[in-house]
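Student: I have a new structure open and I'd like to learn how to read it. Could you walk me through it?

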Amino acid sequence: MTDKNELAQIGVVGLAVMGSNLARNFARNGNTVAVYNRSPEKTHALIEAHGEEGNFVPSETIEDFVASLERPRKAIIMVKAGKATDAVIDQLAEAMDEGDVIIDGGNALFTDTIRREKDVAARGKHFVGAGISGGEEGALNGPAIMPGGPKESWETLGPILESIAANVDGTPCVTHIGPDGAGHFVKMVHNGIEYADMQVIGEAYQLLRYGAGMEPAEIAEVFREWNSGDLDSYLIEITAEVLAQKDPETGAPLVDVIMDAAGQKGTGRWTAINGLELGVPITGIAESVFARALSSSTAQRSAAQEGQLPAGTIKELDVDKSEFIEDVRRALYAAKLIAYSQGFDEIKAGSEEFGWDVDPRDLATIWRGGCIIRAKFLDRIRAAYDKNADLPALILDPYFKGELEDLIDPWRRVVVAATQLGLPAPVFASSLSYYDSLRAERLPAALIQGQRDFFGAHTFKRTDKPGTFHIEWSGDRSLTQTD
Ligand code: NBP
């Protein structure tokens, strides 16, 4: 139903896949929704195909669109991230009044959101950068939403977003995350964790396929079974579906006809870059980004495959297949746990750096539904932060420490097996190194500090007394205290 005279509670600008699905979600949930797209064809198409799903108020100009909104006006931008978003923000800020709220629901880089929030606030309007997860399906049926921006805008925006978000046990998968860029920051890290989660699933598949010699359909059954236990999650569920799928053209397993070159849209890379900038070791996420980059290095890979690189001695799998499957399950669980623990570390560091005061419990709550990394496991993460919101690391929670007791030996065996089989398992292996580094009483960083002092007089701290020291390396090698 469309009514040009009715004022809308919310508006959506940008009616490609995400925007039109989000607009339909608003309308289906009882909101009158104003819709506008730069080229009017998309607006017409939406109304024609779905106008009966609820109350839509279509406009062909941004001025009419703004005039069709009830005050304080609230408009969500769902256009291509980058310059297009800036252009639409400018048009809306121009046409709107003081106190109106502009929401960017695209995948913006959080530093852009910080900048935009400042600019829009200077023009007397509110700006909310909201991370929206769940893809097209989530936008239509209930995404997880991570809005940042000023707390006041949450007062008016909250109930509308709650009406369309996914819902788990009566709790909507949306909450105010923190000021300015906080929402887009946590969405970025969510996507980074998603990269790592997908990669560890991929590594498990690779080991079962080429280590244990299993067929995709058989592995699909293994993933189905895993989905009823600790690993119960959307990503494990869809992995079973993909592995069971046959290519409609050839009848071969679909996974065998898909090119093994994975793309990366940017958020995973941003998470890795930000981890480096903040000095947070998000090794699982970074390795996942590198693994995708390596998969797409087709020229190098084909040169290396032509027998150019020695493989060394490759061993056959020498353990019982069912034992190996269970070991791989546990290694997958362990590496996934590390990825989440590292992701939450990055969020904590970002929150401190930018003064956002992000509560990790909120994220473990809203990520339980709607988003790509939704998993049963998030209930455990929520319980961990409920017990201690200042956990030094997620893996130090008593429940997860207990889990790691059961996971550590299988995890080590799988990394050894992958090495002997000559199969890549970059996140399984690097996560184990990270874990052993955290546990280690002494790290080679002592030697590195010695090297740095040798070539650059960078000085070092001592274990036995306070102060900063230097050795006169090119002189008499005496010790001097520099402060
Ligand atoms: P796209 O990212 O493909 O963007 C297309 C939309 O942007 C169209 O409505 C287009 O209008 C509009 N647009 C462009 Br391009 N330049 C514009 C400009 N200068 N002024 C006004 N409008 C402009 O759409 P999408 O895939 O629906 O994604 C929307 C946002 O949601 C993106 O930021 C994306 O990163 C994010 N996101 C997407 C997903 C997903 O699964 N696809 C998931 C989560 C978040 P036109 O019709 O006139 O060309």
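**Reading the model, feature by feature**

Tutor: Let's start with one residue: at 2% relative accessibility, A339 counts as buried, because anything under 20% does. Keep in mind that this is a predicted model.

Student: Where is A339 found?

Tutor: A339 is found in helix α15. That helix covers residues 321-354.

Student: Which residues does A339 touch, not counting those up to four places away in sequence?

Tutor: A339 touches I193 and A196. There is also G284: A339 and G284 are 55 residues apart in sequence, yet their C-alpha atoms are 5.3 Å apart in space.

Student: Let me zoom out. How many helices and strands are there in the protein chain?

Tutor: The protein chain has 20 helices and 11 strands.

Student: And how do I read the radius of gyration of the protein chain?

Tutor: You set it against what a compact globule of that length would have. With 483 residues, such a globule would come out near 23 Å, and the protein chain has 26 Å, which agrees. For the extents, the C-alpha trace spans about 80 × 70 × 45 Å along its principal axes.

Student: What share of the 483 residues is buried?

Tutor: Buried residues make up 50% of them. As for the outside, the accessible surface of the protein chain comes to about 22,400 Å², and 51% of that belongs to carbon and sulfur atoms.

Student: How do contacts in the protein chain relate to distance in sequence?

Tutor: Take the contacts between residues at least 6 apart in sequence: 66% of these join residues at least 24 apart.

Student: What about the positive and negative charges of the protein chain: how far apart are their mean positions?

Tutor: There are 47 positive and 73 negative charges, and their mean positions are 3 Å apart.

Student: Now the rings. How many aromatic pairs does a search of the whole structure find?

Tutor: The search finds 15 aromatic pairs. To read one, look at the distance between ring centres and the angle between planes. Y36 and F65, for instance, are 6.1 Å apart centre to centre with 40° between the planes, and this pair is tilted. The pair links distant parts of the chain, with Y36 in strand β2 (residues 33-36) and F65 in helix α3 (residues 62-67), 29 residues apart.

Student: Are Y36 and F65 buried or exposed?

Tutor: Y36 counts as buried at 10% relative accessibility. F65 is buried too, with a relative accessible area of 0%.

Student: And what kind of pair do the rings of F110 and F354 form?

Tutor: Their centres are 5.3 Å apart and their planes are at 75°, so the pair is edge-to-face. Again it links distant parts of the chain: F110 is in helix α5 (residues 110-122) and F354 in helix α15, 244 residues apart.

Student: How accessible are F110 and F354?

Tutor: F110 counts as buried at 5% relative accessibility, whereas F354 is partly exposed, with a relative accessible area of 31%.

Student: Which residues is F354 in contact with, leaving aside its neighbours within four places in sequence?

Tutor: F354 is in contact with F110 and I114. The C-alpha atom of F354 is also separated by 8.7 Å from that of G181, 173 residues apart along the chain.

Student: Which residues form an aromatic cluster?

Tutor: Y333, Y340, F377, Y399 and F400 form one.

Student: I'd like to look at the backbone too. What joins R71 and P72?

Tutor: A cis peptide bond joins R71 and P72, and its omega is about -10°. P72 sits in the loop between α3 and β4 (74-77).

Student: What is the phi of A457?

Tutor: Phi of A457 is positive, about 50°, although A457 is not a glycine. A457 lies in the loop between α20 (445-456) and β10 (469-471). With a relative accessible area of 46%, A457 is partly exposed.

Student: And R477, what is its phi, and where is its place?

Tutor: R477 is another residue other than glycine with a positive phi, near 60°. R477 is in the loop between β10 and β11 (479-481).

How values were computed
Residues are numbered from 1 along each chain as its sequence is written. This is a predicted model: local features need pLDDT of at least 70, side-chain atom pairs count only at pLDDT 80 or more; totals for chains, interfaces and linings use all residues. Side-chain values use heavy atoms; hydrogens and water are left out. Helices (H or I, at least four residues) and strands (E, at least two) are DSSP runs, numbered from the N terminus. The radius of gyration is taken over C-alpha atoms; the globule rule is 2.2 Å times the number of residues to the power 0.38. Buried means under 20% relative accessible area, exposed over 50%, partly exposed in between (1.4 Å probe, protein chains only). Contact means heavy atoms within 4.5 Å. Accessible areas come from the Shrake-Rupley method with a 1.4 Å probe; for residues, only the protein chains shown count as cover. Lys and Arg count as positive and Asp and Glu as negative; His and the chain ends are not counted. The place of a charge is taken as NZ of Lys, CZ of Arg, CG of Asp or CD of Glu. Rings of Phe, Tyr and Trp (its six-membered ring) pair if their centres lie within 6.5 Å; planes under 30 degrees apart count as stacked, over 60 as edge-to-face and the rest as tilted.
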